[in-house]
Amino acid sequence: MYESIYRQARERVTEIARGLGDDELGRTVPACPEWTVREMLAHVVGVAADVVNQRMDGAPGPEWTVRQVEERRDRSVAEDLAEWAGYAERAEATLAANPRIPLLAHDLVQHEGDLLGALGRGRPPREAWSPLLDNTLAGLARRPELPGALVLATTDGRRVVGAGDPVAELEVDGYELYRAVFGRRSRAQMAAWAWSGDPAAFLDLIPVFPPREDDLVEV
């Protein structure tokens, strides 16, 4: 499943990238404020290359990601896309072999969202992010510091995350929640969701990456 999500996301991002002009490639990506669109594309190619070649020293920290961008700074977008296509089959095989931890798929779908947000083109399709949201919620449910169950209502329906008595309820758009998991929303944005009960502990547990300091609003 996750290898298919990755493949389809790569195809969508590739199609978009092929049609971008210099102005769009130079646009700042609000979700990744250190990067332009061009640099973000270099990163997603670099992630695939590094996973396949097992160059994971420093992952997922800034030294790892900066190296990926710098190694591709003098290349064209076409060259990067050709490199990406060359690694695609092996990257997908990595996902197929490690279905519990689909990090490649998470990274790419989040960056697809970053790209679409920077270009004002909406969000990735639901079939891309919804299974990945399920994966992150399963991880949240296993965290020992969870204070109790979270009753969650999204566009995918109502579910209980965690065990024990419910300590909070949350009604939220599923994509908003998925973006927050990977640090694309601020703590203030998460606190402003439709909570019942005490959300305080969950505000620290939902994000896998630290939340933003400033709000990121995507249409």
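Me: How many helices and strands are there in the chain?
Reply: Keep in mind that this is a predicted model. Counting the secondary structure along the chain gives ten helices and six strands.

Me: What radius of gyration does the chain have, and what does the globule rule give for 219 residues?
Reply: The globule rule gives 17 Å for 219 residues, and the chain comes out close to that, so it is as compact as a globular protein of that length. Along the principal axes, its C-alpha atoms fill a box of roughly 55 × 35 × 30 Å. The radius of gyration itself is 18 Å.

Me: What share of the contacts in the chain between residues at least 6 apart join residues at least 24 apart in sequence?
Reply: As background, 51% of the 219 residues count as buried. For contacts between residues at least 6 apart in sequence, the share joining residues at least 24 apart is 64%.

Me: What should helix α3 span, and how far apart are its end C-alpha atoms?
Reply: α3 covers residues 37–53, which makes 17 residues at 1.5 Å a residue. The expected span is therefore 24 Å, and the model agrees, with the end C-alpha atoms at 24 Å.

Me: How many of the residues of α3 are buried?
Reply: Just after the helix comes Gln54, with a positive phi near 55°. The helix itself is mostly covered, and the buried count out of its 17 residues is 16.

Me: At what angle do α3 and α5 pack, and how far apart are their axes?
Reply: The partner helix, α5, runs over residues 77–97. α3 passes α5 in a left-handed crossing. The angle is about 40° and the axes are 8 Å apart.

Me: How do the residues of the contact of α3 with α5 divide into nonpolar, polar and charged?
Reply: On the α3 side the residues include Val44, Val45, Ala48 and Val52, and on the α5 side they include Trp84, Tyr87 and Ala91. Charged ones take part too, among them Arg38 in α3 and Asp80, Glu83 and Arg90 in α5. The split is eleven nonpolar, two polar and four charged.

Me: Is Pro99 buried or partly exposed?
Reply: Pro99 is found in the loop between α5 and α6. Its relative accessible area is 46%, and buried would need under 20% while exposed would need over 50%. So Pro99 is partly exposed.

Me: Which residues does Gln110 touch, not counting those up to four places away in sequence?
Reply: Gln110 lies in helix α6, residues 103–119. With a relative accessible area of 2%, Gln110 is under the 20% cut-off and therefore buried. The residues it touches are Tyr178, Arg179, Phe182 and Arg184.

Note on methods. Residues numbered from 1 in each chain as written. Predicted model: local features only at pLDDT ≥ 70, side-chain atom pairs only at ≥ 80, totals over all residues. Heavy atoms only, no water. Helix = DSSP H or I, 4+ residues; strand = E, 2+ residues; numbered from the N terminus. Buried < 20%, exposed > 50% of the residue type's maximum accessible area, 1.4 Å probe, protein only. Contact = heavy atoms within 4.5 Å. Expected span 1.5 Å × (residues − 1). Axes fitted to C-alpha atoms, helices over the stretch in contact; angles between N-to-C directions. Left-handed = near helix turned anticlockwise from the far one by under 90°. Rg over C-alpha atoms; globule rule 2.2 N^0.38 Å.
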